Amino acid sequence: MSHLPPFDYLTSSARWFGTEGAKLNQTARRVLEHATRRVAVTQDINERIDAKTTYGQRLADKVAAFGGS
């Protein structure tokens with residue numbers, strides 16, 4: 001398991017955004033924290049869609065991809 005140092009908004013925000021950490025909104029703080037830890041900010045939408053589709057829907061997609069829709 002990786003042991004990362006505590007996140008420092010003040011240092012990172014001044015370096016990356018040219019402003020104080022206290023002035024950042026929640027979204028900017030989230031992006032900044034993910035970026036400094038080198039973690040993706042976005043999610044793969046295809047994974048979310050695949051998690052919600054049924055077996056029949058996935059089968060129909062495969063048939064359509066093979067034979068056309």
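Helices here are DSSP runs of at least four residues, numbered from the N terminus. Keep that in mind for the views below, which all show a predicted model.

**View 1. Helix 4 carries L59, part of a nonpolar surface patch.** L59 sits in helix 4, the stretch from residue 55 to 67. Its partners in the nonpolar patch are Y55 and V63, and the three together offer about 340 Å² of accessible area. Is L59 buried or exposed, or something in between? L59 counts as partly exposed, because its relative accessibility is 43% and partly exposed covers the range between under 20% and over 50%.

**View 2. Four acidic residues make a negative patch.** Now look at D44, E47, D50 and D61, which form a negative patch on the surface. Take D50 as the one to zoom in on: you'll find D50 in helix 3, which runs over residues 45-52. With a relative accessible area of 48%, D50 is partly exposed.

**View 3. L32 is tucked away in helix 2.** Helix 2 spans residues 26-36, and L32 is in it. How buried or exposed is L32? L32 has 0% relative accessibility, so it counts as buried. While you're here, find W16 as well: L32 and W16 are 16 residues apart in sequence, and their C-alpha atoms are 8.2 Å apart in space.

**View 4. Stepping back to the whole chain.** What does the secondary structure add up to? The chain has four helices and zero strands, so reading from the N terminus you meet α-α-α-α. There are 69 residues, and 10% of them count as buried. The chain exposes about 6100 Å², with 55% of that supplied by carbon and sulfur atoms. As for contacts, take those between residues at least 6 apart in sequence: 26% of them join residues at least 24 apart.

Terms used
Residues numbered from 1 in each chain as written. Predicted model: local features only at pLDDT ≥ 70, side-chain atom pairs only at ≥ 80, totals over all residues. Heavy atoms only, no water. Patch = residues over 30% accessible without salt bridge, like charges linked within 9 Å, V, L, I, M, F, W, Y side chains within 5 Å. Areas by Shrake-Rupley, 256 points an atom, 1.4 Å probe, with all protein chains shown as cover. Salt bridge = Lys/Arg side-chain N within 4 Å of Asp/Glu carboxyl O. Lys, Arg positive; Asp, Glu negative; His and termini not counted. Charge placed at Lys NZ, Arg CZ, Asp CG, Glu CD. Helix = DSSP H or I, 4+ residues; strand = E, 2+ residues; numbered from the N terminus. Buried < 20%, exposed > 50% of the residue type's maximum accessible area, 1.4 Å probe, protein only. Contact = heavy atoms within 4.5 Å.
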